[in-house]
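Visitor: I have a model open and would like to talk it through with you. Could you take my questions as they come?

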Amino acid sequence: RRVVVLISGSGSNLQALIDAQEHDRLGGEIVAVISNVPDAYGLTRAREAGIDAVVLPHREYESRDAFDGALIKVIERHEPDLIVLAGFMRILSERFVQRFLGRMVNIHPSLLPAYQGLDTHARVLADQGKLHGCSVHFVTEELDGGPVVLQAELDVSPEDSVETLKEKVHAREHLILPIAVRWFLEGRLQFSGEGARMDGHLL
Ligand code: GRF
């Protein structure tokens with residue numbers, strides 16, 4: 001089973017996937033890593049693991065549609081079973097989402113449906129939220145709104161700052177993302193019109 005990972009930054013979630021693969025815990029192989037940011041550190045992580053690392057700078061395309069078209073081509077060349085958005089900071093077009101509907105997941109730093117969008121840690125703190133965490137979800141046209149597959153939660157302590165929360169959430173992202181990928185690649189996890197299904201049961 002083949003996985004393509006899309007990144008824009010440090011790629012610590014990509015690293016968690018690489019580590020899982022190296023321990024035979026991913027259920028498949030990462031065949032390519034694609035970044036829209038040329039100096040994303042995740043590209044180095046991919047190269048060090050011997051994975052094809054592709055740079056596709058969005059700035060070089062005149063429209064979102066042109067960029068998404070190029071991205072679709074690169075992805076399809078690698079014939080993935082699953083596409084993982086791991087810190088990919090671009091909003092995707094309807095065409096792109098439709099093309100890969102049901103075989104694309106994202107890791108998001110909040111307990112969805114709470115705190116869709118950016119700056120989740122700061123917003124939880126501003127709201128004096130008691131509970132925070134992260135979610136893996138299928139990607140649909142609604143930004144951060146697709147069916148949730150797996151979540152990890154943690155208590156917010158009064159001493160937490162954006163930085164400490166970010167670190168704690170990140171550690172949990174690294175735990176749940178490889179698990180969700182494995183479930184999918186093993187055929188246990190599916191996307192249906194009603195939502196995500198695990199072993200045939202609606203989550
Ligand atoms: C993570 O916090 C993820 O939830 C969000 O982007 C960040 C990516 O971090 N979507 P990294 O590049 O995997 O370190």
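Visitor: What does Glu79 do just after α3, in terms of phi?
Guide: Glu79 takes a positive phi of about 45 degrees there, just after α3. Helices here are DSSP runs of H or I with at least four residues, strands are runs of E with at least two, and both are numbered from the N terminus.

Visitor: Before I go on, what kind of model is this, and how are residues numbered?
Guide: This is a predicted model, in which local features need pLDDT of at least 70 and side-chain atom pairs count only at pLDDT 80 or more, while totals for chains, interfaces and linings use all residues. Residues are numbered from 1 along each chain as its sequence is written.

Visitor: Back to α3: what span should its 14 residues have?
Guide: At 1.5 Å a residue, taken times one less than the number of residues, α3 should span 20 Å, and its end C-alpha atoms are 20 Å apart, which agrees.

Visitor: Which residues of α3 are buried?
Guide: They are Phe67, Asp68, Leu71 and Ile75, where buried is a matter of counting: 20 or more other C-beta atoms within 10 Å of a residue's own make it buried, 12 or fewer make it exposed, anything in between is partly exposed, and the C-beta atoms are placed from the backbone. These buried residues cover an arc of only 95 degrees around the axis, which puts them on the same side of α3; the arc is that of the directions from the helix axis to the C-beta atoms.

Visitor: And what do they pack against?
Guide: The buried residues of α3 pack against β1 (2–7), β4 and α4, and contact means that two C-beta atoms, placed from the backbone, lie within 7 Å. On the other side of α3, Ala66, Lys73 and Glu76 are exposed.

Visitor: Which positions does UniProt list as "binding site"?
Guide: An unreviewed UniProt entry lists Arg64, Met89, Arg90, Ile91, Leu92 and Asn106, and the same label is placed at Gly11, Ser12 and Asn13, also from an unreviewed entry. UniProt positions are given in the numbering used here, feature names are shortened, and annotations may be inferred rather than shown by experiment.

Visitor: Where do Arg64 and Ile91 sit?
Guide: Arg64 lies in helix α3 (residues 64–77) and counts as partly exposed, with 15 C-beta neighbours inside 10 Å. Ile91 is found in the loop between β4 (82–85) and α4 (94–99), and Ile91 is exposed, with 10 other C-beta atoms within 10 Å.

Visitor: Okay, and Asn13, buried or exposed?
Guide: Asn13, which lies in helix α1, counts as buried with 24 C-beta neighbours inside 10 Å. Leaving aside neighbours within four places in sequence, Asn13 is in contact with Ala86, Gly87, Ile107, Glu173, His174 and Leu177.

Visitor: How about Ser12, what is it in contact with?
Guide: Ser12, found in helix α1 (residues 12–22), is in contact with His170 and His174 when its neighbours within four places in sequence are left aside. With 17 C-beta neighbours inside 10 Å, Ser12 counts as partly exposed.

Visitor: Asn106 was listed too. Which way does it point from β5?
Guide: Met104, Asn106 and His108 point one way from β5, Val105 and Ile107 point the other way, and all are buried. Five of the five residues of β5 (residues 104–108) are buried, so this strand is largely enclosed by the rest of the structure. In a regular strand the side chains alternate between the two faces of the sheet.

Visitor: How do β4 and β5 run?
Guide: They run parallel and are joined by three bridges; strands pair if DSSP finds at least two bridges between them. Leu85 stands opposite Asn106 in β5.

Visitor: Changing topic, what is the order of the open sheet of three strands?
Guide: The order is β8-β9-β10, with antiparallel pairing. Here β8 and β10 (201–202) stand at the edges, each with a single partner strand, so one side of each is left without a neighbour in the sheet. Four bridges join β8 to β9 (residues 195–198), and Leu189 stands opposite Met198 in β9.
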